[in-house]
Amino acid sequence: MSVYTALTAAQIQAFADQYQRIVRQIEPIQNGIENSNWFVDFTDETQAVLTLFEELNFTQAHSLAGLLDGIAQSGLPVAAPYPNAAGERLSWLADKPAQFAPRLHGKHPMQPNQRQCQAMGEGLAQLHLAMQSIRLDKPNAHGQAWWQQTAAELRVTMSGDDQCLLDQLFAQFAQIQTTVGELPRGLIHGDLFRDNTLFVDNSLSGMLDFSECCMDEYVLDIAITLNDFCSDWPDVALNQQKYADFLAGYQQVRTLTDAEKTALPVYLAMAVGRFWLSRLQVAQRNQAEGRVGEHVLQKDPNQMREMVRVRLADC
């Protein structure tokens, strides 16, 4: 949710014309690493988020719009895109797919408390169940094949210590997969970090950025979100009480299988490894393409590397 494609006010207004709205104010959004996003205020006092899809093609982005519609029908707090005057939820802007969606209210829980961790666990389980009725045959673009390929590409740039840590991570993951066998699967969010959620007090008021939504194991999604919500930042160690509250909230809605419980500690490490690799990859890409500036956010890969080390020590 950084800004990679610069747009003029005139371009945004021309896009808003399709929705019969007049733009009053535009504010770039500086979180995230994949799409370009802006908060847009209209003269009729309504607000929206303008998203320009930088990675997804039109067909992929259109499927995402349908996904959000389906989730919204389950009563979950997601920003299903607005239809324009022609009834289309997606159109073109600067030769890229683009949409307006509601601006959900609340704050990112940057230091979640125990009640917020429990609410997030419950919300994630509700999301998993809601998406079971939605047809979206989308493999994980950052799944196991991507992990292996990206690790091989980045390995030559890593220190010896980092290479050893990466080898240990993949060895532990391979062993647990052999031990537990096939795990429950379905559509997952894939990127439900704190800055992709909103809370009003202790209530979950928004789940954002479904561009990583795909078919994969539920326990991977649990690991991704649990790691972020249940660490005492900037300390990357797990807060055990928040960990317990998160899982209690999740299991109020969907009970984990014994195999999922066994696999979770290693999946916590592997989930962090996925973001360690992606942050290293993004840093290389930004450098190679000269993607710099105040509206381009580059997240620190070393933070994820340290979390990998700590999670492996807990396995």
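**Exercise 1. Place Gln118 in the fold of this predicted model, and list what it touches beyond its sequence neighbours.**

Solution.
- Step 1: Gln118 sits in helix α3, which covers residues 114-130.
- Step 2: Take the accessibility. Gln118 has a relative value of 27%. Buried requires under 20%, and exposed requires over 50%. Gln118 therefore counts as partly exposed.
- Step 3: Leave out residues up to four places away in sequence. Gln118 then touches Asp245, Phe246, Gly249 and Gln252.
- Step 4: Compare sequence and space. Lys242 is 124 residues from Gln118 in sequence. The C-alpha atoms of the two residues are 7.6 Å apart.

**Exercise 2. Assess the overall build of the chain from its radius of gyration, its burial and its contacts.**

Solution.
- Step 1: Count the elements. The chain holds nine helices and nine strands.
- Step 2: Test the radius of gyration. The chain has 20 Å, close to the 20 Å from the globule rule for 315 residues, so it is as compact as a globular protein of that length.
- Step 3: Add the extents. The C-alpha trace spans about 55 × 45 × 35 Å along its principal axes.
- Step 4: Check burial. Of the 315 residues, 54% are buried.
- Step 5: Check contact range. Take contacts between residues at least 6 apart in sequence. Of these, 74% join residues at least 24 apart.

**Exercise 3. Describe the surface and the charges of the chain.**

Solution.
- Step 1: Take the exposed area. The chain exposes about 14100 Å². Carbon and sulfur atoms supply 48% of that area.
- Step 2: Count charged side chains. There are 23 positive and 37 negative ones.
- Step 3: Locate the two sets. Their centres lie 2 Å apart.

**Exercise 4. Trace the polar contacts that Asp228 and Thr197 make with the backbone of Arg194.**

Solution.
- Step 1: Start with Asp228. This residue belongs to helix α6, residues 218-229. Its relative accessibility is 4%, so Asp228 counts as buried.
- Step 2: Find the nitrogen contact. A polar atom of the Asp228 side chain lies 2.6 Å from the backbone nitrogen of Arg194.
- Step 3: List the wider contacts. Outside four places in sequence, Asp228 touches Phe193, Arg194 and Trp233.
- Step 4: Turn to Thr197. This residue is in strand β7, residues 197-200. Its relative accessible area is 0%, so Thr197 is buried.
- Step 5: Find the oxygen contact. The Thr197 side chain reaches the backbone oxygen of Arg194 at 2.9 Å.
- Step 6: Collect the neighbours of Thr197. Beyond four places in sequence they include Lys107, His108, Pro109, Met120 and Phe229.
- Result: The backbone of Arg194 is contacted at its nitrogen by Asp228 and at its oxygen by Thr197.

**Exercise 5. Inspect the backbone geometry at Pro234, Ala94 and Asp201.**

Solution.
- Step 1: Read omega. It is near 5° for the peptide bond from Trp233 to Pro234, and this bond is cis. Pro234 is in the loop between α6 and α7 (240-251).
- Step 2: Read phi at Ala94. The value is near 55°, which is positive in a residue other than glycine. Ala94 is in the loop between β4 (91-93) and β5 (96-102). Its relative accessible area is 31%, so Ala94 is partly exposed.
- Step 3: Read phi at Asp201. This value is also near 55°, again positive in a non-glycine residue. Asp201 is in the loop between β7 and β8 (203-207). At 65% relative accessibility, above the 50% cut-off, Asp201 counts as exposed.

Conventions. Residues numbered from 1 in each chain as written. Predicted model: local features only at pLDDT ≥ 70, side-chain atom pairs only at ≥ 80, totals over all residues. Heavy atoms only, no water. Helix = DSSP H or I, 4+ residues; strand = E, 2+ residues; numbered from the N terminus. Rg over C-alpha atoms; globule rule 2.2 N^0.38 Å. Buried < 20%, exposed > 50% of the residue type's maximum accessible area, 1.4 Å probe, protein only. Contact = heavy atoms within 4.5 Å. Areas by Shrake-Rupley, 256 points an atom, 1.4 Å probe, with all protein chains shown as cover. Lys, Arg positive; Asp, Glu negative; His and termini not counted. Charge placed at Lys NZ, Arg CZ, Asp CG, Glu CD. Polar contact = N/O pair within 3.5 Å; in protein donor to acceptor, adjacent residues only side chain to side chain.
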